[in-house]
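I opened the model today to look up a few positions and one site, and I note below what I found. The entries follow the order in which I looked.

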Amino acid sequence: MRFIQEALKAIDRGQYGECVGCGEDINEKRLEAVPWATMCVRCQEETEAEHISSRMVLARPEAEETES
Ligand SMILES: [Zn+2]
C-alpha cells in the first residue's frame with residue numbers, strides 16, 4: 001500500500017500528524033479514524049480530484065499520436 005509507506009516515511013521524518021500537502025496539523029479525529037493519513041481532509045480531497053481528472057486524460061485514445 002503506497003499510502004501506508006508514505007505515512008511510515010512521514011513518521012520517520014517526524015512529520016506524523018502533519019499534512020504533507022500544506023504542512024498544517026491533521027485533525028486528531030481524522031488521525032483516529034485514518035491513522036495512516038498523510039494529508040488533511042482538504043488536501044486529500046484536492047488530490048482525489050486531481051486523480052480523477054488525470055484518469056480522464058489517460059482514458060483518451062492514443063491512436064492520434066501513433067498515426068503521425
Ligand atoms: Zn493539507
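I began with E18, which I found in the loop between helix 1 and helix 2; helices here are DSSP runs of H or I with at least four residues, strands are runs of E with at least two, and both are numbered from the N terminus. I should record that this is a predicted model, in which local features need pLDDT of at least 70 and side-chain atom pairs count only at pLDDT 80 or more, while totals for chains, interfaces and linings use all residues. Residues are numbered from 1 along each chain as its sequence is written, and side-chain values use heavy atoms, with hydrogens and water left out.

Is E18 buried, exposed or partly exposed? I noted E18 as partly exposed because its relative accessible area is 33%, where buried means under 20%, exposed over 50% and partly exposed in between (1.4 Å probe, protein chains only). Not counting residues up to four places away in sequence, E18 touches G23, E24, D25, I26 and T38, a contact being heavy atoms within 4.5 Å. I also looked up E18 and C40, which are 22 residues apart in sequence and 7.9 Å apart in space, C-alpha to C-alpha.

Next I followed the contact to T38, which lies in the loop between helix 2 (28-33) and helix 3 (41-58). T38 counts as buried because its relative accessibility is 6%. Leaving aside neighbours within four places in sequence, I listed F3, E6, A7, E18, C19, V20 and I26 as the contacts of T38.

From T38 I went to A7, which is found in helix 1 (residues 2-12) and which counts as buried because its relative accessibility is 5%. Which residues is A7 in contact with, leaving aside its neighbours within four places in sequence? I found W36 and T38. A7 and T38 are 31 residues apart in sequence, yet their C-alpha atoms are 5.6 Å apart in space.

I then turned to the zinc ion, which is coordinated at 2.3 Å by the SG atoms of C19, C22, C40 and C43; donors are N, O and S atoms within 2.8 Å of the metal (3.2 Å for Na, K and Ca), and sites may look incomplete because water is not among the atoms. The angles among the four donor atoms run from 102 to 116 degrees and the site is tetrahedral, a term that asks for four donors with all angles between 85 and 135 degrees. Along the chain, the donors follow the spacing C-x2-C-x17-C-x2-C.

Both C40 and C43 are buried. I looked further at C43, which is found in helix 3 and is called buried because its relative accessible area is 8%. C43 touches C19, G21 and C22, not counting residues up to four places away in sequence, and the C-alpha atoms of C43 and C22, 21 residues apart along the chain, are separated by 7.4 Å.

Finally I noted the protein chain as a whole, which comes to four helices and zero strands. Buried residues make up 21% of its 68 residues. Among contacts between residues at least 6 apart in sequence, 20% join residues at least 24 apart. The protein chain exposes about 5700 Å², of which carbon and sulfur atoms supply 52%, by the Shrake-Rupley method with a 1.4 Å probe.

How values were computed: Tetrahedral: all angles 85-135°; square planar, octahedral: opposite > 155°, others 65-115°.
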